Amino acid sequence: RSEDQDIIAGRLLSGRISAGRRLTVLPAGHATTVTGIRRFPANDAPAEAGESIGLIVAGVAPERGAVLTSLDNQLNVDRALTGRVFWLGEAPLRVGEVLSWRCATQLQQVTIQGIDGCVDSATLEPVPATVGLQRLALGNVRLAAQHPLLFESFARCPGLGRFVLE
């Protein structure tokens, strides 16, 4: 906080941003306007993808885990998603488990709703998911959350296209 201004710190995942730009705050869905950019060393150039910056915005400051995007660039916001998981856990991942889901700065509790399309990473042979996703196996995992998750395909936005389960 600086001189009655909230500074939202984060990393610009794609594109450019400059003062005066109107953005959508997701998953909340409300609009905001960038009134200033803070970085070291200070300069007035638009911020570029990959930079860690501070934004000063008009109105209510976004909550931790929120993503700011251009008004015309709507991202996936849903309470359910399916993702390809490479499982590193000692015990198999099982349907019904509740885990923490991390994507960018988001942290949500998710429940494993289903597992299919499992492949042994050593042999690339299909394996049944009857006992869950085994250590070092790949599988398509269906997740459900009580609160909205914000995500995107890896091809469209790598920073929102990968997640960690723990």
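Two strands count as paired if DSSP finds at least two bridges between them. Keep that in mind as you work through this predicted model.

**Exercise 1.** Find out which elements the chain is built from, and in what order.

*Solution.* Start with the count: the chain has 12 strands and 0 helices. Now walk along from the N terminus, and you meet β-β-β-β-β-β-β-β-β-β-β-β.

**Exercise 2.** Work out how strand β1 is joined to β6.

*Solution.* First locate the two: β1 covers residues 7-11, and β6 covers residues 52-57. Next, look at the bridges: 5 of them join β1 to β6, and the two strands run antiparallel. The cut-off is at least two bridges, so these strands pair. For one spot to check by eye, Gly10 stands opposite Ile53 in β6.

**Exercise 3.** Do the like for β4 and β6.

*Solution.* Strand β4 takes in residues 30-38. It is joined to β6 by 4 bridges, again in an antiparallel run. Look for Arg38 here: its bridge partner in β6 is Gly54.

**Exercise 4.** Decide whether β6 is mostly covered or mostly open.

*Solution.* A residue is buried when its relative accessible area is under 20%. In β6, 5 of the 6 residues are buried, so the strand is mostly covered. For the whole chain of 166 residues, the buried share is 35%.

**Exercise 5.** Find how far apart the mean positions of the positive and negative charges are.

*Solution.* Count the charges: there are 16 positive and 16 negative ones. Then take the mean position of each set; the two lie 1 Å apart.

Technical notes. Residues numbered from 1 in each chain as written. Predicted model: local features only at pLDDT ≥ 70, side-chain atom pairs only at ≥ 80, totals over all residues. Heavy atoms only, no water. Buried < 20%, exposed > 50% of the residue type's maximum accessible area, 1.4 Å probe, protein only. Lys, Arg positive; Asp, Glu negative; His and termini not counted. Charge placed at Lys NZ, Arg CZ, Asp CG, Glu CD.
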